[in-house]
Amino acid sequence: MRRITPDQIGFAASSGPIERYFPLARREGLAWLEFACQHPANFPETFDRPRIARVRRLVERSGIRCGLHSASFVNTAEIMPIVRKAVVADMKAYVDLTKALGCEYLVIHMGFHFSVYLDRVKRALYDTLAEVTEYGERRRVPLAIENMNHMGPTSEFQYLGVTTEEFADLFRRIRSPYLGLALDAAHGNLLPGGTGRFVRLFGDRIREVQLSDNRGTIDEHLAAGEGTLDFGALFRQLGAIDYTGPLIIELRDVEAKRRSLAHLRGLLAGTAAARPRRRAAAPRRYVARA
């Protein structure tokens with residue numbers, strides 16, 4: 001069993017321009033940053049050639065390892081043919097941006113639906129991901145799909161890529177080594193079996209792990225140690241599969257990031273106070289059609 005180490009921990013650059021996170025990463029002694037394109041300052045269209053060159057220099061000179069996290073606004077499972085073509089183009093543009101910035105992976109999403117036409121939704125999802133994965137292979141950019149949070153049984157809107165069953169089906173259909181899992185530990189904490197079920201089933205697919213906390217009912221994005229997620233157990237599970245990738249603290253507030261960092265480093269050093277665990281009740285490779 002491998003021990004998870006503090007140098008695997010990084011910050012999501014998620015509250016303002018990604019450039020401002022490099023001095024913060026140096027001050028905090030971080031080895032990883034994940035560029036979050038969910039923030040308007042980092043929308044893909046903001047990366048013109050001068051900015052790409054500037055960020056690439058920061059990556060190379062700092063020695064900080066980086067990933068890119070795409071915005072989840074665009075629906076990967078879009079069923080309208082004209083819009084689906086635009087979705088594919090958008091995702092391929094993210095692959096190109098990942099490569100241009102010198103990032104090591106790209107986090108993507110399965111999309112969402114409105115509880116109707118689910119057979120068509122899934123066919124569109126598999127077609128799109130097959131096409132984008134093939135493009136990622138050609139560009140040598142690993143893709144990691146984030147497991148999302150369940151929206152509750154009364155919501156018409158639902159994310160795809162919530163359960164282990166969905167990921168098992170996807171990985172049976174698309175077997176590329178360039179398609180993996182971005183494990184959101186807090187999202188897994190909302191499900192029966194918790195995050196450990198994802199680790200047990202897809203340990204060889206995990207490319208990145210996202211860290212925040214909640215109290216087991218909704219996705220709260222609390223600082224680590226302020227909810228019910230058992231980070232000690234998570235680190236033991238990841239160590240058991242010899243996980244060597246990044247552990248990204250995914251919070252917007254910088255002070256919450258710092259609290260999480262202190263808690264997680266203390267946990268790994270054996271000095272963090274233990275917290276009780278309280279859970280609320282609660283193939284063939286797919287080929288895109290012409």
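Two strands count as paired if DSSP finds at least two bridges between them. Keep that in mind, since this briefing ends up at a strand called β8. What you're looking at is a predicted model, and its chain contains 9 helices and 10 strands.

**The chain as a whole**

- The C-alpha atoms fit in a box of roughly 55 × 50 × 35 Å, taken along the principal axes.
- A compact globule of 290 residues would have a radius of gyration near 19 Å, and this chain comes in at 18 Å, so the two agree.

**Inside and outside**

- Of the 290 residues in the chain, 52% are buried, where buried means under 20% relative accessible area.
- The accessible surface adds up to about 13,500 Å², and carbon and sulfur atoms account for 53% of that.
- As for charges, you'll find 43 positive and 33 negative side chains. The centres of those two sets sit 3 Å apart.

**Zooming in on strand β8**

- Strand β8 covers residues 179-184, and 6 of its 6 residues are buried, so the rest of the structure largely encloses this strand.
- One partner of β8 is strand β6 (residues 143-146); they run in the parallel sense and share 4 bridges.
- Within that pairing, Leu-143 has Leu-179 of β8 as its bridge partner.
- β8 also pairs with strand β9 (residues 206-211), again in the parallel sense and over 4 bridges.
- Here, Asp-184 stands opposite Gln-210 in β9.

Methods
Residues are numbered from 1 along each chain as its sequence is written. This is a predicted model: local features need pLDDT of at least 70, side-chain atom pairs count only at pLDDT 80 or more; totals for chains, interfaces and linings use all residues. Side-chain values use heavy atoms; hydrogens and water are left out. Helices (H or I, at least four residues) and strands (E, at least two) are DSSP runs, numbered from the N terminus. The radius of gyration is taken over C-alpha atoms; the globule rule is 2.2 Å times the number of residues to the power 0.38. Buried means under 20% relative accessible area, exposed over 50%, partly exposed in between (1.4 Å probe, protein chains only). Accessible areas come from the Shrake-Rupley method with a 1.4 Å probe; for residues, only the protein chains shown count as cover. Lys and Arg count as positive and Asp and Glu as negative; His and the chain ends are not counted. The place of a charge is taken as NZ of Lys, CZ of Arg, CG of Asp or CD of Glu.
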